[in-house]
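Reader: I am a first-year student and should be grateful for a close look at the sheet in this structure. Please begin with the term that I need in order to follow the description, and then place the sheet in its surroundings.

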Amino acid sequence: VHAEACALNVATKKINCSDGRPPISYDVLSIDIGITPKPLENGLHAYQNITPVKPIDKFDNRWQQILVRIIAAERSTTAPFRVVVVGGGAGGCELTFALYYRLANEMMRLGKDPCDVQVVLVTEGGTLVRSHSR
Ligand SMILES: Cc1cc2nc3c(=O)[nH]c(=O)nc-3n(C[C@H](O)[C@H](O)[C@H](O)COP(=O)(O)OP(=O)(O)OC[C@H]3O[C@@H](n4cnc5c(N)ncnc54)[C@H](O)[C@@H]3O)c2cc1C
């Protein structure tokens, strides 16, 4: 079923979908909708300089918007553009390397110094990927 579940009635064991189709009955329900940062639900997207990675399936759209902004900024200023990733777990580290790789290539494509873009990783504690690095 290609639809967003928008309401759950545990008494009648039915879920409603936002496209208005008839409610779907269940005997057992498993909820696997991933995570969404709470502030995003409350309008974090209003802060245009903050980009949550989750939900991951929509991150590509958000990343394309960041890329457009970075390229536009690089064309109009000489100050380095700084991207800060918060969280040094597996996802944050992977994202940091991937962002830097892509941005450095974009800078070179534009004939600019890759150092014109800085990617900074901020994480608590002294160890990256703490649960995997022993
Ligand atoms: C940068 C990064 C790299 C990662 N790399 C790896 C890796 O290499 N290997 C690995 O195992 N894990 C990796 N992860 C973690 C992995 O992405 C998550 O653990 C995984 O996606 C969680 O799966 P999930 O099914 O719980 O949620 P999700 O993958 O988020 O899936 C939830 C789905 O539910 C849908 N949905 C949400 N709300 C509703 C609704 N109301 N109604 C209907 N559908 C809805 C969403 O559209 C989405 O399709 C990475 C994460 C990040 C951030």
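Author: Two strands are said to pair if DSSP finds at least two bridges between them. In general, strands of a sheet pair through backbone hydrogen bonds, either parallel or antiparallel.

The model shown here is a predicted one. With the term in hand, one can describe the sheet: it is open, it has 3 strands in the order β1-β2-β3, and its pairing is antiparallel. The strands β1 and β3 (24–25) stand at the edges, and each has a single partner strand, so one side of each is left without a neighbour in the sheet.

The pairing of β1 with β2 may be followed in detail. Strand β1 covers residues 5–9 and strand β2 covers residues 14–17; the two run antiparallel and are joined by 4 bridges. Among the bridge partners, Ala5 is matched with Cys17 in β2, and Leu8 is matched with Ile15 in β2. The two strands form a hairpin, with 4 residues between them. In the turn, Lys13 has a positive phi of about 55 degrees. As a general point, the side chains of a regular strand alternate between the two faces of the sheet.

Ala5 also leads from the sheet to the ligand. A polar backbone atom of Ala5 is 2.8 Å from a nitrogen atom of the ligand. Two side chains make polar contacts as well. Asp57 has a polar side-chain atom 2.9 Å from an oxygen atom of the ligand, while an N or O atom in the side chain of Glu94 is 3.5 Å from a nitrogen atom of the ligand. On its own the ligand has 990 Å² of accessible area, and the protein covers 47% of this. The residues around the ligand include Ala3, Glu4, Asp32, Ile33, Lys54 and Gly91, in addition to Ala5, Asp57 and Glu94. By type, the shell divides into 5 nonpolar, 2 polar and 5 charged residues.

The sheet is one part of the chain, whose secondary structure comes to 3 helices and 5 strands. From the N terminus on, these elements run β-β-β-α-α-β-α-β. The chain has 134 residues, of which 25% are buried. Among contacts with a separation of 6 or more, 38% are between residues 24 or more positions apart.

Two residues beyond the sheet illustrate burial and such contacts. Gly88 is located in the loop between β4 (81–86) and α3. Its relative accessibility is 7%; because buried means under 20%, Gly88 counts as buried. Leaving aside neighbours within four places in sequence, Gly88 is in contact with Cys93, Leu121, Val122, Thr123, Leu128 and Val129. Gly88 and Arg130 are 42 residues apart in sequence, and their C-alpha atoms are 8.1 Å apart in space.

Thr96 belongs to helix α3, which covers residues 90–109. With a relative accessible area of 12%, Thr96 is buried too. The side chain of Thr96 reaches the backbone oxygen of Gly92 at 2.7 Å. Residues up to four places away in sequence being set aside, Thr96 touches Val85, Val119 and Leu121.

Key: Residues numbered from 1 in each chain as written. Predicted model: local features only at pLDDT ≥ 70, side-chain atom pairs only at ≥ 80, totals over all residues. Heavy atoms only, no water. Near = heavy atom within 4 Å. Polar contact = N/O pair within 3.5 Å; in protein donor to acceptor, adjacent residues only side chain to side chain. Areas by Shrake-Rupley, 256 points an atom, 1.4 Å probe, with all protein chains shown as cover. Nonpolar A, V, L, I, M, F, W, Y, C, P; charged D, E, K, R; others polar. Buried < 20%, exposed > 50% of the residue type's maximum accessible area, 1.4 Å probe, protein only. Contact = heavy atoms within 4.5 Å.
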